[in-house]
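Student: Could you take me through one part of this model closely, starting from a single residue and working outwards?

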Amino acid sequence: MSQEHAGTESLENLLHETRSFPPPADFAARANVTASAYEDAARDREQFWARQARELLSWSTDFTEVLDFSGAPVARWFGDGRLNAAYNAVDRHVEAGHGERVAIHFEGEPGDTRTITYADLKDEVSRAANALTDLGVRTGDRVAIYLPLVPEAVIAMLACARVGAAHSVVFGGFSAEALHARIIDAEARVVVTADGGYRRGKAMALKPAVDEAIAKGGTPVEHVLVVRRTGQDTAMTDGRDVWWDDTVATASAEHEPVAVDAENPLFILYTSGTTGKPKGIMHTTGGFLTQTAYTVRAVFDLKPETDVYWCTADVGWVTGHSYVTYGPLVNGATQVLYEGTPDTPDKDRWWQIVAKYGVTILYTAPTAIRTAMKWGEELPGRHDLSSLRLLGSVGEPINPEAWMWYRRVIGGDRAPVVDTWWQTETGAIMISPLPGVTAAKPGSAQTPLPGISADVLDEAGQPVPDGHGGYLVLTEPWPAMLRGIWGDPQRYQDTYWSRFPGKYFAGDGAKKDEDGDVWLLGRVDDVMNISGHRLSTTEIESALVSHPVVAEAAVVGAKDDTTGQAVVAFVILRAEAVERADEEGEGADVVAELRNHVAKEIGPIAKPRSILVVAELPKTRSGKIMRRLLRDVAEGRPAGDVTTLADSSVMEQISTGMSG
Ligand code: WTA
């Protein structure tokens with residue numbers, strides 16, 4: 001592992017960033033959380049979290065234990081407590097008299113809308129829980145969810161939680177192949193899907209991918225529950241597939257939520273690691289809900305009576321789990337859920353939605369902000385965005401220019417911006433300014449939240465002094481931390497806890513500035529970040545090599561102005577394929593075919609931006625591919641130090657091929 005991804009250029013730029021924006025006085029005066037939270041948490045970290053757990057959640061059995069880390073690196077939080085996640089997200093708000101409050105303003109891409117109150121949500125989730133029970137789902141089971149971003153996605157997740165089953169949401173943009181692997185790994189008995197969803201004005205089928213995944217064999221799937229979204233023709237398998245409209249819609253709205261142990265699995269979510277096989281990140285109930293609920297209050301300053309919150313993430317990613325389904329609903333928030341792309345029908349769709357619903361809190365990704373910058377400020381300028389009072393960013397480092405644009409153009413130079421660092425594995429926000437406390441620096445996540453301990457270490461595991469860079473680690477267990485990798489405890493230990501024994505290694509490079517504030521610098525492993533989505537170089541390499549014409553492949557994440565990084569692949573073709581391409585002039589076809597092949601194997605988000613056919617790859621004498629050099633080529637730089645290459649002429653050939 002090296003720090004080559006950390007990028008010295010970006011480090012240099014960031015060193016010159018000196019602007020800072022203190023919270024507006026009226027915001028600070030009304031903020032949910034003030035500076036005293038840091039002191040409270042520092043005095044007694046565990047009691048701080050125990051207080052949050054009791055204040056923010058309703059427990060059917062109170063806990064007496066707070067943290068038990070005797071089974072490190074697997075933590076137990078609030079271990080002898082019992083609760084139900086769906087009850088916390090829905091029922092108790094109805095019981096408290098907020099049944100008429102809107103939980104979800106749904107906006108479909110074609111312009112259809114639905115308003116779902118907390119009372120409606122309680123009925124819907126209860127019906128879905130009864131329907132899942134009828135399909136054989138029991139406490140402790142796993143259910144796969146493969147849906148577009150429609151309310152049923154949130155309802156299905158909560159219905160699983162209501163019966164004490166873990167959901168495994170698979171992003172609707174993933175392929176049948178990826179879905180198949182995830183269903184098998186999680187041993188899901190039921191899949192919840194839809195006929196299709198709307199994307200860029202088209203009805204895109206989803207159900208056929210589920211059929212294809214199950215047809216590959218080896219899955220324990222007994223039933224498929226199908227939401228009707230687009231109304232397109234959909235094949236149904238008798239005895240296996242049922243329509244949501246025939247089962248959920250007709251089920252009873254009475255359902256008793258199952259109280260589970262705080263450590264009962266709430267969900268598994270697959271994410272890319274440094275090997276080809278995605279990791280099933282496992283989260284449990286009590287700690288996850290505590291920290292997601294706390295961070296919505298503290299970082300987004302949510303006031304459930306008056307705010308309209310919008311997190312633009314899909315529920316297929318962790319941000320959609322923590323900051324669409326659980327964190328906001330546990331707080332009783334009113335939120336917007338938008339199905340489609342930001343440019344359908346026009347490039348001002350998001351800003352139109354903000355104005356229409358009076359969104360006050362917006363949480364999105366740097367790639368979306370950079371895309372909006374590219375489209376021009378005239379588009380947001382057409383709409384009244386004055387309702388916005390807080391802006392959040394997540395998913396990748398946000399460059400200071402994008403941060404400033406977000407603040408000025410979207411936030412009217414008024415709304416605080418919070419850059420929030422966290423991961424699928426951390427479950428909830430870990431490092432972020434507090435909007436009523438911190439003087440925000442453009443491009444920095446700045447400070448570990450109250451109750452969170454982080455540091456930046458050098459190669460030898462020593463904390464770096466202020467003004468220096470190194471590896472980001474978390475030094476104390478936190479409530480929403482993953483409890484492991486599904487079915488692979490050893491990989492959990494090896495991936496996160498062996499680089500710096502006793503500390504959680506996040507895989508990110510970071511720098512502490514002269515004030516000790518943290519600046520994230522990107523991944524230091526073979527994980528890429530494309531539009532805020534994690535993809536593994538190895539996974540895409542395996543997909544390429546699985547194509548019959550490919551002999552060898554190397555993939556790098558190259559810097560991209562909009563998507564942060566872009567996938568660039570270098571492939572060596574098998575001799576037969578090279579001959580064929582030469583004879584028939586099929587070179588371009590091979591590249592197109594390989595790009596489609598990757599989309600089919602993993603999903604369209606993994607499609608390489610470019611594929612270069614090369615004769616050799618740069619390797620060390622021990623046979624390790626030097627991706628650093630390929631990245632130089634992909635980013636249009638002269639290749640760096642080639643002295644450790646087995647054959648130093650290889651880079652010359654590749655660079656010539658590139659410019660030729
Ligand atoms: C990156 C998304 C810089 C980081 C919640 C991390 C960030 C990976 C930030 C996790 C941020 C996320 N600044 N980098 N504010 N937020 N990252 O699991 O590299 O999809 O390790 O979770 O995204 O991606 P994941």
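Student: Where is the place of Phe 78?

Tutor: Happy to. Phe 78 sits in the loop between β2 and β3 (82-83), where strands are DSSP E runs of at least two residues and helices are H or I runs of at least four, numbered from the N terminus. Before going further, please keep in mind that this is a predicted model, in which local features need pLDDT of at least 70 and side-chain atom pairs pLDDT 80 or more, while totals for chains, interfaces and linings use all residues. Residues are numbered from 1 along each chain as its sequence is written, and side-chain values use heavy atoms, without hydrogens and water.

Phe 78 has a backbone feature of its own: its phi is near 55°, which is a positive value in a residue other than glycine. Going back along the chain from there, you reach the loop between β1 (67-68) and β2 (76-77), which holds Pro 73. The peptide bond that leads from Ala 72 into Pro 73 is cis, its omega near 5°. There is a cis bond to inspect further on as well, joining Thr 344 and Pro 345 with omega about -5°. Pro 345 belongs to the loop between β17 (334-338) and α13 (349-357).

Now widen the view to the domains. The assignment for this protein gives domain 1 as 25-452 and domain 2 as 525-659, the bounds being automatic or taken from a database. Their C-alpha centres are 34 Å apart, and 25 residues of domain 1 touch 24 residues of domain 2, counting heavy atoms within 4.5 Å as contact. Together the two domains bury about 1,800 Å², with 47% of that on carbon and sulfur atoms; this is the accessible area (1.4 Å probe) lost by both parts on being put together. On the domain 1 side, Ser 272, Thr 274 and Trp 317 lose the most area to domain 2, together 27% of what that side buries.

The rule finds 1 salt bridge across this interface (a Lys or Arg side-chain nitrogen within 4 Å of an Asp or Glu carboxyl oxygen). Glu 425 and Arg 534 have side chains that meet in a salt bridge, 2.9 Å from N to O. Between the domains there are also 13 residue pairs in polar contact, both residues at pLDDT 80 or more (N or O atoms within 3.5 Å). Two or more residues on the touching side of domain 1 come from each of α8 (176-186) and α14 (366-375), and α14 gives the largest share, 4 residues.

Arg 534 also brings us to the ligand: an N or O atom of its side chain is 2.8 Å from a ligand oxygen. Asp 508 places a polar side-chain atom 2.5 Å from an oxygen of the ligand, whereas Gly 395 uses a backbone N or O atom, 3.1 Å from a ligand nitrogen. In total, 17 residues surround the ligand (a heavy atom within 4 Å), and the closest are Asp 419, Thr 420, Thr 424, Asp 508 and Arg 523.

How values were computed:
Polar contact = N/O pair within 3.5 Å; in protein donor to acceptor, adjacent residues only side chain to side chain.
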